[in-house]
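Here are some worked exercises to try with the model open in your viewer. Have a go at each task before you read its solution.

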Number of protein chains: 2
Amino acid sequence: MDTQVMAETADQKDPDKVEEWLCPMPDIAQIIGGKWKLIILQILIFGGTRRFNELRRMIDGVTQTMLTNQLRALERDGLVSRKVYAEVPPRVEYTATQRALDLQEMFQAMHDWWVKGEQDSAG
Amino acid sequence: MDTQVMAETADQKDPDKVEEWLCPMPDIAQIIGGKWKLIILQILIFGGTRRFNELRRMIDGVTQTMLTNQLRALERDGLVSRKVYAEVPPRVEYTATQRALDLQEMFQAMHDWWVKGEQDSAG
DNA sequence: GTATATAGTATCAAAAATGATACCATTGGA
DNA sequence: TCCAATGGTATCATTTTTGATACTATATAC
């Protein structure tokens with residue numbers, strides 16, 4: 001579609017067939033929604049593998065219950081892998097999967113959006 | 001940092017200074033989190049201006065209460081503008097602001113991620 | 001005169017998400 | 001011997017989010 005309808009909006013998609021270009025936001029929200037998931041992912045994706053208590057210390061305000069809970073959900077959805085070492089005291093490492101690494105662009109876009117917002121309101 | 005540490009993770013940022021490259025996810029979640037916000041934004045950003053009941057019909061399962069609620073929040077956060085026409089029956093139009101249009105890249109990245117996931121699991 | 005469409009608000013109920021607390025196993029060190 | 005550290009789980013309480021319901025106003029069509 002190369003006609004310039006709707007110049008003010010995003011681009012040239014047919015405005016009457018929303019469902020064709022919409023991806024299922026409820027499904028996405030299910031996966032990356034949750035109070036701590038985005039920050040966990042950000043840390044693992046950009047910072048690399050971390051241990052459980054390491055994450056706990058990095059994430060301000062998270063409780064052990066919730067950290068476990070969110071990590072389990074991320075694991076179920078294939079975004080995080082969990083490796084248990086047979087040591088005492090226990091050592092458990094969490095790593096972003098390839099599927100999570102594929103979220104880099106989204107995080108980058110979020111980041112740029114956020115920074116732009118700060119610049120726009122400052123300048 | 002130009003040494004190739006952590007080849008498996010995203011890139012070359014210093015893993016010990018997470019807060020330097022992290023953008024505040026709680027703040028972002030505050031703005032675009034919520035059961036219906038992403039889908040509302042997607043419609044307004046890529047589909048253009050819509051009336052209240054038009055949105056209601058497009059968004060499966062949303063109640064009037066929640067649609068109002070989410071639109072008000074988006075308006076407060078500067079992502080949506082609301083225009084009331086002095087007509088009877090009332091006409092109210094909602095439009096994505098520039099700040100919302102700036103989210104296009106994020107939506108695109110989400111979309112690509114989703115599609116890639118479907119391809120990876122199919123192929 | 002009555003129903004219809006629009007775009008709401010107010011109130012309360014229900015459900016979902018989150019948090020607090022107590023508990024567990026193990027081993028090394030003081 | 002007792003405490004600390006790790007990475008949990010189970011249970012219950014609280015908070016937050018979401019939903020249902022009833023109500024509003026007004027012009028037009030029937």
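**Exercise 1. A helix and its cover**

Which elements of chain A and chain B are included in what covers the buried residues of α2(A)? Find them, then work out how the buried residues are arranged around the helix.

Solution. Keep in mind throughout that this is a predicted model.

Step 1: List the buried residues. Helix α2 of chain A spans residues 25–32, and its buried residues are A:M25, A:I28, A:I31 and A:I32.

Step 2: Look down the helix axis. The buried residues of α2(A) fall within an arc of 125°, so they line one face of the helix. This fits a general pattern: an α-helix has 3.6 residues a turn, so residues three or four places apart point the same way.

Step 3: See what lies over them. From chain A, the cover includes α3 (37–47), α5 (64–76) and α7 (104–122). Chain B contributes too, with α3 (37–47) and α7 (104–122) among the covering elements.

**Exercise 2. From α2 to α3**

Follow chain A out of α2, through the loop and along α3, noting backbone angles and burial on the way.

Solution. Step 1: Start in the loop. A:G33 lies between α2 and α3 of chain A. Its relative accessibility is 25%, so A:G33 counts as partly exposed. In space, its C-alpha is 9.8 Å from that of A:Q70, although 37 residues separate the two in sequence.

Step 2: Check the backbone. A:G34, which follows α2(A), has a positive phi near 115°.

Step 3: Move on to α3(A). Here 11 of 11 residues are buried, among them A:K37, A:Q42 and A:F46.

Step 4: Leave the helix. After α3(A) comes A:G48, again with a positive phi, this one near 90°.

**Exercise 3. The chain as a whole**

How many helices and strands are there in chain A, and in what order do its elements run? Add a check on confidence.

Solution. Step 1: Count the elements. Chain A has 7 helices and 3 strands.

Step 2: Put them in order. Starting at the N terminus, they run α-α-α-β-α-α-β-β-α-α.

Step 3: Take stock of burial and contacts. Chain A has 123 residues, of which 43% count as buried. Among its contacts between residues at least 6 apart in sequence, 46% join residues at least 24 apart.

Step 4: Check the confidence. The mean pLDDT of chain A is 87, with 83% of its residues at 70 or more. Residues 1–12 of chain A are below 50, and beyond near neighbours in sequence this stretch has 20 contacts in the model.

**Exercise 4. Two copies and their interface**

Work out how chain A is related to chain B, then describe the surface between them.

Solution. Step 1: Superpose the copies. A turn of 180° with a shift of 0.0 Å along the axis lays chain A on chain B, with an RMSD of 0.0 Å. That is the relation of a two-fold axis.

Step 2: Locate the axis. In chain A, the residue that comes closest to the rotation axis is A:M106, with its C-alpha at 2.7 Å. The same surface serves both copies, as 100% of the contact residues of chain A recur in chain B.

Step 3: Size up the contact. 45 residues of chain A touch 45 residues of chain B. The two chains bury about 4200 Å² between them, 71% of it on carbon and sulfur atoms. On the chain A side, A:M25, A:W113 and A:W114 lose the most area to chain B, together 19% of what that side buries.

Step 4: Look for charge pairs. The interface holds 2 salt bridges. A:D102 and B:K116 meet in a salt bridge, at 3.1 Å from N to O.

**Exercise 5. Salt bridges**

Which residue forms a salt bridge with A:R50, and is A:R50 buried or exposed? Then trace a network.

Solution. Step 1: Find the partner. A:R50 pairs with A:E54, their closest N and O atoms being 3.4 Å apart.

Step 2: Compare with the cut-off for burial, under 20%. At 7% relative accessibility, A:R50 counts as buried. A:E54, at 28%, counts as partly exposed.

Step 3: Trace the network. A:R91 forms a salt bridge with A:E87 at 3.0 Å, and A:E87 is partly exposed at 37%. Salt bridges with shared partners join A:E87, A:R91 and A:E93 into one network.

Step 4: Finish with the total. Over all chains, the structure holds 10 salt bridges.

Note on methods
Residues are numbered from 1 along each chain as its sequence is written. Chains are lettered from A and ligands numbered from 1 in the order in which they are written. This is a predicted model: local features need pLDDT of at least 70, side-chain atom pairs count only at pLDDT 80 or more; totals for chains, interfaces and linings use all residues. Side-chain values use heavy atoms; hydrogens and water are left out. A salt bridge is a side-chain nitrogen of Lys or Arg within 4 Å of a carboxyl oxygen of Asp or Glu. Buried means under 20% relative accessible area, exposed over 50%, partly exposed in between (1.4 Å probe, protein chains only). Helices (H or I, at least four residues) and strands (E, at least two) are DSSP runs, numbered from the N terminus. The arc is that of the directions from the helix axis to the C-beta atoms. Contact means heavy atoms within 4.5 Å. pLDDT is the predictor's confidence in each residue, from 0 to 100. Copies are superposed by least squares on the C-alpha atoms of residues with pLDDT of at least 70 in both. Buried area is the accessible area (1.4 Å probe) that two parts lose on being put together, summed over both.
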